[in-house]
There are 2 protein chains.
Amino acid sequence: MKTWKIISETDVSPSPWFPIQKHTIELPNGTLIDDYYITTLGNVAMVLPITTDNEIVMVKQYKHGIKEVVIELPAGFQQNGKSIEDSALAELEEETGIKTSLDKLIPIGKIANVPTKSSQISFGFLATGVTFNSTQNLDINEDIEIIKRTPTETLKMIQNGEIWVADTVAFIMKAYLMFPELFK
Amino acid sequence: MKTWKIISETDVSPSPWFPIQKHTIELPNGTLIDDYYITTLGNVAMVLPITTDNEIVMVKQYKHGIKEVVIELPAGFQQNGKSIEDSALAELEEETGIKTSLDKLIPIGKIANVPTKSSQISFGFLATGVTFNSTQNLDINEDIEIIKRTPTETLKMIQNGEIWVADTVAFIMKAYLMFPELFK
């Protein structure tokens with residue numbers, strides 16, 4: 001299947017906080033489209049941490065895009081000059097106080113969040129046998145509650161809609177398919 | 001947990017195709033933030049169709065946000081003046097040639113795609129016992145290949161990363177948790 005050809009691109013971002021590119025495109029059938037808009041919001045590093053007590057650690061916080069408090073896996077934008085793995089470790093420690101190491105991160109794949117309109121990809125990692133061995137380090141404007149649930153309870157929360165953010169649901173369920181023994 | 005208060009909002013959309021709002025926010029601790037940006041891209045209606053031959057019907061197409069060809073459930077933006085259910089029926093028929101009816105749609109919940117930066121929510125519906133009883137109706141610029149896989153094969157494609165778009169993964173896995181008998 002053929003992809004689209006970018007003839008030209010212009011930065012039309014209203015702010016560095018929401019980067020937008022305007023593309024002129026040539027479709028495989030030769031048609032020109034002179035106004036296709038995508039956002040180049042950064043990629044996301046996300047961790048599914050399971051403690052030595054067999055609990056999945058999640059974070060509950062207000063998200064202003066949907067104006068609701070949601071429960072998600074610890075995550076954040078890939079940090080400047082850091083690999084996606086180092087960003088995952090840093091976000092996990094900052095949001096939850098769990099410090100782990102590169103050799104404990106098991107990749108569980110990547111997820112495209114809004115492929116029609118956004119280049120953003122979330123990269124997921126599993127980290128088992130973790131403990132609260134460090135301290136949370138939140139911005140003064142961050143308000144995060146730690147949520148701990150067994151793997152079985154976590155699946156129920158997805159089933160009943162209590163956990164409903166796309167990449168969080170996708171990575172928990174990928175881990176379930178890849179490592180079913182963790183969810184028994 | 002407290003939510004944020006919107007003090008003012010301004011439309012800073014670079015185009016109607018990518019609506020962006022700039023908000024001035026008051027945080028629960030009293031701090032003012034005068035430049036929080038979110039997109040108000042429309043909500044999405046998505047259908048997980050299972051045929052009388054026990055195959056899940058998906059669509060394979062190029063998505064310019066990530067510049068790749070991906071396999072997703074049939075879906076589209078909620079259509080003007082239509083309910084989310086009617087939009088689901090219309091998108092399913094246009095993209096796959098499967099016509100079904102409101103009484104066949106089983107809601108399988110909602111999914112927030114990028115809750116930090118976007119108001120967009122995907123609404124999922126299961127439709128079993130469907131057939132290719134109508135005709136695809138694509139825009140001249142649309143190029144869609146129909147993909148049919150058994151439920152078991154579909155789970156494998158999620159596990160191995162062949163299906164990796166967030167809301168598609170989330171709704172297939174929600175259906176799996178809610179109706180495991182369909183995946184045997």
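**Close-up 1. S8(B) and its bridge partner.** In this predicted model, S8(B) is bridged to T24(B), a residue of β2(B). The two strands behind this view, β1(B) and β2(B), run antiparallel to each other and are joined by six bridges. Strand β2 of chain B covers residues 20-26, while β1 of chain B covers 5-11.

**Close-up 2. The three-stranded sheet of chain B.** Zooming out a bit, we get an open sheet with the strand order β1-β2-β3 in chain B, paired antiparallel. Which strands stand at the edges? Those are β1 (5-11) and β3 (32-39) of chain B, and each has a single partner strand, so one side of each has no neighbour in the sheet. Going from one strand to the next, the twist averages 30 degrees. As a quick reminder, strands of a sheet pair through backbone hydrogen bonds, in either a parallel or an antiparallel sense.

**Close-up 3. K184(A), after a helix.** Over in chain A, K184(A) sits in the segment that follows α3 (166-178). Is K184(A) buried or exposed? K184(A) is exposed, because just 7 other C-beta atoms lie within 10 Å, and the cut-off for exposed is 12 or fewer. P151(A) is 33 residues away from K184(A) along the chain, yet their C-alpha atoms are 7.6 Å apart.

**Close-up 4. How chains A and B are related.** Turn chain A by 180 degrees, with 0.0 Å of shift along the axis, and chain A superposes on chain B with an RMSD of 0.0 Å. The two copies are therefore related as by a two-fold rotation axis. Both copies use the same surface: 100% of the contact residues of chain A recur in chain B.

Note on methods: Residues numbered from 1 in each chain as written. Chains lettered and ligands numbered in written order. Predicted model: local features only at pLDDT ≥ 70, side-chain atom pairs only at ≥ 80, totals over all residues. Least-squares fit on C-alpha atoms with pLDDT ≥ 70 in both. Contact = placed C-beta atoms within 7 Å. Helix = DSSP H or I, 4+ residues; strand = E, 2+ residues; numbered from the N terminus. Buried ≥ 20, exposed ≤ 12 C-beta atoms within 10 Å, placed from the backbone. Pairing = 2+ DSSP bridges. Axes fitted to C-alpha atoms, helices over the stretch in contact; angles between N-to-C directions.
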